[in-house]
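Trainee: Can we go through this one together? I'd like to start with how the chains meet and then move on to the fold.

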Amino acid sequence: MTLKSGVLDPQGKAVRHALGALGVDGVGDVRQGKFIEIDLAESDPERARESVEDMCKRLLANTVIEDYVIEIGG
Amino acid sequence: MRAAVIVFPGSNCDRDVQVALARAAGTPPVMVWHKETSFPSVDLIVLPGGFSYGDYLRCGAMAAHSPVVGEVAARARKGVPILGICNGFQVLTETGLLPGVLMRNAQLRFVCRTQHLRVETTRTVFTGLYRPGEVIAMPIAHMDGNYFADDDTLKALCDDDRIAFRYCDARGDGGADANPNGSRDGIAGILNTARNVLGLMPHPERHADPLLGGVGGAALFEGLVRALAT
């Protein structure tokens with residue numbers, strides 16, 4: 001989950017400033033987000049994706065301000 | 001007036017609200033644990049401040065899905081007045097009973113101070129004892145009070161007279177210097193379309209007795225008692 005573009009991300013901004021203070025060059029915009037790992041009993045990737053999509057909409061993300069990306073691993 | 005205060009694991013202003021309500025109403029509120037799915041019929045439900053469920057995932061996100069909040073939402077839709085203070089406001093946005101979201105403070109620091117507010121509407125059961133535009137003071141204490149809503153939502157809030165309180169200075173002027181957390185449009189508290197649900201970040205219960213250093217919040221509880229007298 002990351003904040004939608006257009007939503008100010010003060011934490012990402014602070015991280016960018018800190019990277020600048022460390023002397024790291026070439027850093028543009030920084031967006032901070034959350035990473036959630038979920039073990040699922042479902043073995044069908046399509047059904048697993050649908051199920052996680054539902055979880056994101058109902059609880060994991062606040063879609064007023066957050067976007068989410070789902071990756072299904074093996 | 002009969003009131004209920006919802007208590008979550010991590011609530012820490014529930015007792016303060018209990019005292020403020022008992023003082024204003026003359027009878028103590030019912031304290032309702034988060035696992036309850038039913039509780040007595042009341043005239044007002046308060047979601048208190050604190051750190052429900054340790055602020056896990058997002059402030060208010062877990063509480064929004066707790067057993068008791070399903071019942072609170074059902075009663076809100078029937079018109080029962082709901083007051084969400086600080087974490088209670090966050091719970092109300094997470095349930096969708098109020099629009100928008102409370103993000104991390106713009107300066108990324110916990111802010112704890114007495115804050116001036118301008119009463120923006122008195123057309124509610126919560127603010128009827130204030131004067132329109134009155135400048136009052138209440139304590140604020142939060143890490144995530146930076147109100148955000150998209151342009152359309154913000155316009156609807158303004159057009160419908162649903163902004164209850166804005167942050168301001170002692171003279172009543174808004175602007176960046178008077179805004180403690182980066183909230184859009186200096187918003188400190190908002191109402192739902194039916195005007196029976198109020199969420200605000202400041203703590204009226206912490207300024208409801210002269211011994212606490214101020215009485216800026218007392219009129220909110222006294223106004224509720226007057227409006228909801230049965």
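Mentor: Sure, one term before we start: a salt bridge is a side-chain nitrogen of Lys or Arg within 4 Å of a carboxyl oxygen of Asp or Glu. The model is predicted, so local features need pLDDT of at least 70 and side-chain atom pairs 80 or more, while totals for chains, interfaces and linings use all residues. Side-chain values use heavy atoms without hydrogens and water, residues are numbered from 1 along each chain as its sequence is written, and chains are lettered from A and ligands numbered from 1 in the order written.

Trainee: How many salt bridges are there between chain B and chain A?

Mentor: A:Glu66 pairs with B:Arg58, with the closest N and O atoms 3.8 Å apart. The count between chain B and chain A is one salt bridge.

Trainee: Which residues of chain B lose the most area to chain A?

Mentor: Buried area is the accessible area (1.4 Å probe) that two parts lose on being put together, summed over both. Here chain B and chain A bury about 1200 Å², 71% of it on carbon and sulfur atoms. Together making up 42% of what the chain B side buries, the residues that lose the most are B:Leu57, B:Arg58 and B:Met103.

Trainee: Which strands of chain B stand at the edges of the open sheet?

Mentor: Helices (H or I, at least four residues) and strands (E, at least two) are DSSP runs, numbered from the N terminus, and two strands pair if DSSP finds at least two bridges between them. The nine strands in chain B run in the order β2-β1-β3-β4-β11-β10-β9-β6-β7, with mixed pairing. Each edge strand has a single partner, so one side of it is left without a neighbour in the sheet; the two are β2 (30-33) and β7 (135-142).

Trainee: What is the bridge partner of B:Val111 in β7(B)?

Mentor: Strand β6 (residues 111-119) of chain B runs antiparallel to β7(B), and eight bridges join them. In β7(B), B:Val111 is partnered by B:His142.

Trainee: Which side chain does the side chain of B:Asp209 make a polar contact with?

Mentor: B:Asp209 is in the loop between β11 and α5 (218-227) of chain B. A polar contact is a pair of N or O atoms within 3.5 Å; within protein, one must be able to donate a hydrogen and the other to accept it, and residues adjacent in sequence count only if both atoms are side-chain atoms. At 2.9 Å, the partner side chain is that of B:Arg23.
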